[in-house]
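Me: Could you take me on a close look at the pocket where the ligand sits? I'm new to this, so please go step by step.

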Amino acid sequence: MPEIRLDRFLSEAGMASRRALKDIIRSGRVTVDGCAETRPETKLDPERSAVCLDGKRVAYAQFRYFMLDKPVGVLTATRDGRQKTVLDLLPPALKRLGLFPVGRLDKDTSGLLLLTNDGDFAHRVISPKFCVEKLYYAKVDGALSAEDAAAFKQGLILRDGARCLPAALEILGEGACLVKVREGKYHQVRRMLASRGAPVLELRRLSVGGLVLDENLGPGGLRELFPGDLCRVFNAK
Ligand code: URA
């Protein structure tokens, strides 16, 4: 692996800001392979060097992945001059990692939103080519029928003429359904249901591929994801 600076290693591990880390390193709190290292610019191989801060080993991860239970009323964006974004929900240490949302949930949609700083991973989750299905629970104003489910299966044509890939509609009872899609057009699920005369009242994303939202998180709750979770995204069962 290419060498990186010691201060960058520690900031990518979420220890502190790059600026604060320069002081921390100069103050002698950091060791590399057992020796005190006071130069922030020292280069090291992140996979081979043992870096400790205050005697504790710092694990390096180039890319980080998180599951957020996005609350209603928050924008899926990295920043906005006026409105609260999903990045505003992160604790300061995680704000430094360069995370961004994987795809988009509308301001009024809640549920599973992935955050990462791994662009390649994000592309694979979003692109219809990789067939990662997203499951939504919707409350609707209107009655849905087996005919609607058949139309979803066939590939709906929306009111503006846009054609959707085949999707699944499961009717749960009056006014509630599950929708599974593998693409992410603008307001897709809302527009699909509206096109069948059942406008959405409430929308929540429950899963991405085989990765299911942890309902214990609660609105705004966050959990880091590890390799087993990431495999689930691409292996739905
Ligand atoms: N489809 C929508 O209409 N909205 C979302 O937030 C996600 C999917």
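Reply: Happy to! Let's begin with the lining. There are 23 residues around the largest pocket, and those nearest its centre are Arg104, Tyr136, Gly184, Lys185 and Arg205. Please keep in mind that you are looking at a predicted model.

Next, see which parts of the fold build this lining. At least two residues each come from strand S9 (109-116), helix H4 (119-126), strand S10 (134-140), helix H6 and strand S13 (200-208). Sorted by class, the lining of the largest pocket holds 11 nonpolar, 7 charged and 5 polar residues. The space inside the largest pocket comes to about 370 Å³.

Now for the ligand. The space it takes is this largest pocket. Around the ligand you will find Leu105, Asp106, Thr109, Tyr136, His187, Gln188, Val189, Arg190 and Leu203. Tyr136 is worth finding on your screen: it belongs to this shell, and it is also among the residues nearest the centre of the largest pocket. Helix H6 (residues 188-195) makes the largest contribution to the shell, with 3 residues. By class, the shell has 4 nonpolar, 3 polar and 2 charged residues.

Let's zoom in on individual atoms. On the side chain of Asp106, an N or O atom lies 2.7 Å from a nitrogen atom of the ligand. The side chain of Thr109 has an N or O atom 2.8 Å from an oxygen atom of the ligand. With Arg190, the partner is in the backbone: a polar atom there is 3.0 Å from an oxygen atom of the ligand. As for cover, the ligand on its own has 240 Å² of accessible area, and the protein covers 94% of that.

To round off the picture, turn to the neighbouring topic of the second largest pocket. About 280 Å³ of space lies in it. It is lined by 18 residues, and Ala61, Phe63, Tyr65, Leu225 and Phe226 are the closest to its centre. Two elements, H4 and helix H7 (227-234), give two or more residues each to this lining, and H7 gives the most, with 4 residues. You have met H4 already, as it also supplies at least two residues to the lining of the largest pocket. By class, the lining of the second largest pocket has 14 nonpolar and 4 charged residues, with no polar ones.

Technical notes:
Residues are numbered from 1 along each chain as its sequence is written. This is a predicted model: local features need pLDDT of at least 70, side-chain atom pairs count only at pLDDT 80 or more; totals for chains, interfaces and linings use all residues. Side-chain values use heavy atoms; hydrogens and water are left out. A residue is near a molecule or strand if one of its heavy atoms lies within 4 Å of it. A polar contact is a pair of N or O atoms within 3.5 Å; within protein, one must be able to donate a hydrogen and the other to accept it, and residues adjacent in sequence count only if both atoms are side-chain atoms. Accessible areas come from the Shrake-Rupley method with a 1.4 Å probe; for residues, only the protein chains shown count as cover. On a 1 Å grid over the protein atoms alone, a cavity is a set of points where a 1.4 Å probe fits but cannot get out, and a pocket is an open set with protein on both sides within 12 Å along at least five of seven lines; lining residues have an atom within 4 Å of a point. A molecule sits in a cavity or pocket if more than half of its atoms lie within 2 Å of its grid points. Ala, Val, Leu, Ile, Met, Phe, Trp, Tyr, Cys and Pro count as nonpolar, Asp, Glu, Lys and Arg as charged, and the others, Gly among them, as polar. Grid points are joined across faces, edges and corners, and a volume is the space filled by probe spheres set on the points.
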